Each structure stands twice: as structure tokens, then as C-alpha cells.
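Hi,

Here is the structure I promised to pass on to you. Have a look at it first, and then read on for what I found.

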Amino acid sequence: MHLPGFKPEPDAQETSESDVEVRIRGLMMDPSTKMPIVVLNDLSGEVVLPIWVGLFEANAIALEIEKATTPRPMTHDLLRNTIHGLNARVTRVVVGSLREDTFHATIWMDQGGEVVALDARPSDAIALALRSDCPIFVSRQLLEHARIASGGSTSLAPDDLRRWLENLNDDEMGRYKM
């Protein structure tokens with residue numbers, strides 16, 4: 001499959017044993033940068049992956065988590081409606097890599113039996129996954145890499161940040177807890 005403007009990872013594929021399904025544990029503010037963080041957990045609850053996102057993207061995710069309605073479609077609603085209007089469906093999203101301290105994701109779709117993949121920011125992919133009711137995955141390799149790389153975004157050491165995120169209780173996750 002080839003799409004204009006899309007450069008898949010060399011080993012990217014629709015289903016991979018190396019992808020780990022995750023859920024959104026919650027949204028919170030980074031105490032040092034005051035930027036929103038989407039906190040992902042694997043289904044067993046053992047691995048925590050924080051992804052720093054912009055305020056608007058966090059709001060889009062929060063609106064869907066809270067099942068809030070807006071008078072007009074927001075951007076991710078429009079994208080979902082466009083995909084549906086083109087007789088396609090989002091089957092999964094995968095946060096698959098970290099390059100130059102930036103997370104990269106892929107939105108996987110099925111359009112009449114043809115697999116279509118789109119490069120996306122993780123925040124957009126997650127917002128769309130929530131609206132499309134499809135699973136969210138993270139590559140196993142990224143989970144390992146992120147343990148080391150995530151420390152660069154805060155003043156905490158990577159192990160300290162991981163322990164802090166893992167030990168958060170539901171009240172500390174803020175109003176967006178799941």
C-alpha cells in the first residue's frame with residue numbers, strides 16, 4: 001500500500017505481535033512543564049507510558065473521555081465522519097516509534113477490504129481511536145525505549161518519573177481519570 005505523504009516504518013504492518021494494547025489511564029498536567037500528559041497503561045497495568053500533548057489535543061481527548069457533546073463537530077469528529085463517509089473504518093491506532101524525542105503513530109483503516117495506513121501525531125490518533133471505538137496499541141520496542149527517553153521532557157530522572165506515574169492514585173490523575 002502506498003499513500004501520498006505517508007512513509008511507514010520499514011517493518012510496519014497492520015497486526016504485530018510486538019504491539020501491546022493500552023488504555024488511557026488518564027490526563028494530567030506535568031508538574032514541571034505545566035503541559036498536558038496522556039497517560040497510557042498496558043492492559044495488565046504494569047507499564048505506564050506518558051505522552052506529552054498540546055492543550056487543544058488534550059481537550060479533544062478529554063471531551064471524548066467525558067462523552068461531552070458540542071453543538072458542531074470538532075476536528076476529530078469531522079475526521080471520523082469523513083472516514084465513515086468514505087466507507088472506511090478505523091481498525092486500530094499504533095504509537096509505534098520515537099524519533100528525535102517525538103512520538104509517531106499510525107492510524108490503520110479498512111476501506112472495502114483494503115488496508116490503509118496514515119501517519120499521525122499520537123494525540124490525534126488517540127482522539128480518533130476514542131471516537132471510533134477502536135483499540136490503541138504501543139509497540140513493545142517503544143515501551144522499552146520510552147522508559148529511557150521520557151526523562152528528557154521533565155526535570156525528573158527517567159526512573160523517578162516512571163515510579164511517580166506508576167504510583168499515582170486515581171484522585172491524583174485529575175478530573176480526567178478513567
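Just past the end of helix 3, Asp 133 has a positive phi of about 50 degrees. Please keep in mind that this is a predicted model.

Helix 3 itself covers residues 122–132, and 9 of its 11 residues are buried, so the rest of the structure largely encloses it. The buried ones are Pro 122, Ser 123, Asp 124, Ala 125, Ile 126, Ala 127, Leu 128, Ala 129 and Arg 131.

Now to the sheet. It is an open one, built from 7 strands in the order 3-2-1-7-4-5-6, with mixed pairing. Strand 3 and strand 6 are found at the edges; each has a single partner strand, so one side of each lacks a neighbour in the sheet. From one strand to the next, the twist averages 35 degrees. Helix 3 packs on this sheet and touches strand 1 (19–29), strand 2, strand 3, strand 4, strand 5, strand 6 and strand 7 (136–139). The direction of helix 3 makes about 35 degrees with that of strand 5.

Strand 5 is a good place to follow the pairing. On one side, strand 4 (residues 88–99) pairs with strand 5 in the antiparallel sense over 10 bridges, and Ala 88 stands opposite Gln 111 there. Strand 5 (residues 102–111) also pairs with strand 6 (residues 114–120), again in the antiparallel sense, over 7 bridges. In that pairing, Asp 110 faces Val 115 of strand 6. The hairpin made by strand 5 and strand 6 has 2 residues between the strands, and Gly 112 takes a positive phi near 60 degrees in it.

A few side chains may interest you as well. Ser 44 belongs to the loop that joins strand 2 (36–42) and strand 3 (48–52). The side chain of Ser 44 makes a polar contact with that of Asp 42, at 2.7 Å. Measuring from C-alpha to C-alpha in the model, Ser 44 is 9.9 Å from Arg 23, and the two are 21 residues apart in sequence.

What about the aromatic rings: how many aromatic pairs does the structure hold? The count is 0. There is, however, a charge over a ring: the charged end of Arg 92 sits over Phe 137, 3.9 Å from the centre of its ring.

Happy browsing, and write back with any questions.

Best wishes

Key. Residues are numbered from 1 along each chain as its sequence is written. This is a predicted model: local features need pLDDT of at least 70, side-chain atom pairs count only at pLDDT 80 or more; totals for chains, interfaces and linings use all residues. Side-chain values use heavy atoms; hydrogens and water are left out. Two strands pair if DSSP finds at least two bridges between them. Helices (H or I, at least four residues) and strands (E, at least two) are DSSP runs, numbered from the N terminus. Buried means under 20% relative accessible area, exposed over 50%, partly exposed in between (1.4 Å probe, protein chains only). A polar contact is a pair of N or O atoms within 3.5 Å; within protein, one must be able to donate a hydrogen and the other to accept it, and residues adjacent in sequence count only if both atoms are side-chain atoms. Rings of Phe, Tyr and Trp (its six-membered ring) pair if their centres lie within 6.5 Å; planes under 30 degrees apart count as stacked, over 60 as edge-to-face and the rest as tilted. A charge sits over a ring if NZ of Lys or CZ of Arg is within 6 Å of the ring centre and within 35 degrees of the ring normal. Axes are lines fitted to C-alpha atoms, for helices over the stretch in contact, and angles run from 0 to 180 degrees between N-to-C directions. Contact means heavy atoms within 4.5 Å.
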